[in-house]
Amino acid sequence: MMRTDAEYMRMALRLAEKASSLGEVPVGAVAVWDGHVAGVGFNRRETGKNALAHAELEAIDAACRKLGGWRLHRCDLYVTLEPCPMCAGAIINARIRRVIFGARAPKAGCFGSVCNFTEFPFNHKPEIITGVLEEECTRILKDFFHRLREQQKKRQT
């Protein structure tokens, strides 16, 4: 049975919740190859002490390992937040077919917010679908940063 974009995004949201429970910025990603989950990831930059530990890169890496290759031309990537420049570059280099994201990233997003990598003359242009479960994806981020600010206030008093 083929799942809908919203169902895969709900999977990504559950991964974002896992990241949040670890104190990470709540972003989750699911790589889907022909209707089958090939890789998942969530932010682990703080816990892993690694600038490369973004949700998208973890999902792409897991999919490459599972599928035995780096060309993910039949893969769709569901991510709760618009990809940053590093992740957008990895998406293009991995030949991801479609990128489906929920929330916009006005300070770092590279599929329409700060810039749009699909407008550059790269060798691959993924299809971009925005706004899938946007409200839920935005809410988890806002809630996380609200809690973080509250914790910082308590530490200062």
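What share of the contacts in the chain with a separation of 6 or more comes from residues 24 or more positions apart? In this predicted model, such pairs account for 57% of those contacts.

The overall dimensions make a handy starting point. The chain has 157 residues and a radius of gyration of 15 Å, which agrees with the value near 15 Å expected for a compact globule. Along the principal axes, the C-alpha atoms fill a box of roughly 50 × 35 × 30 Å. The accessible surface comes to about 8600 Å², and carbon and sulfur atoms contribute 53% of that area. Of the 157 residues, 46% are buried.

Turning to secondary structure, the chain contains five helices and five strands. Followed along the sequence, these elements appear in the pattern α-β-β-α-α-β-α-β-β-α.

Strand β4, spanning residues 98–103, deserves a closer look. Six of its six residues are buried, so this strand is largely enclosed by the rest of the structure. Strand β3 (residues 75–81) runs parallel to β4 and is joined to it by five bridges; within this pairing, Leu-77 has Val-99 of β4 as its bridge partner. Between the two strands, the chain passes through helix α4 (residues 85–93), and the resulting β-α-β crossover is right-handed.

β4 also pairs with strand β5 (residues 127–130), again in the parallel sense, over four bridges. Here the bridge partner of Arg-98 is Glu-127 in β5. Taken together, β4 has parallel pairings with both β3 and β5.

Methods: Residues are numbered from 1 along each chain as its sequence is written. This is a predicted model: local features need pLDDT of at least 70, side-chain atom pairs count only at pLDDT 80 or more; totals for chains, interfaces and linings use all residues. Side-chain values use heavy atoms; hydrogens and water are left out. Buried means under 20% relative accessible area, exposed over 50%, partly exposed in between (1.4 Å probe, protein chains only). Two strands pair if DSSP finds at least two bridges between them. A crossover is right-handed if, with the strands pointing away from the viewer, the path from the first strand over the helix to the second runs clockwise. The radius of gyration is taken over C-alpha atoms; the globule rule is 2.2 Å times the number of residues to the power 0.38. Contact means heavy atoms within 4.5 Å. Accessible areas come from the Shrake-Rupley method with a 1.4 Å probe; for residues, only the protein chains shown count as cover.
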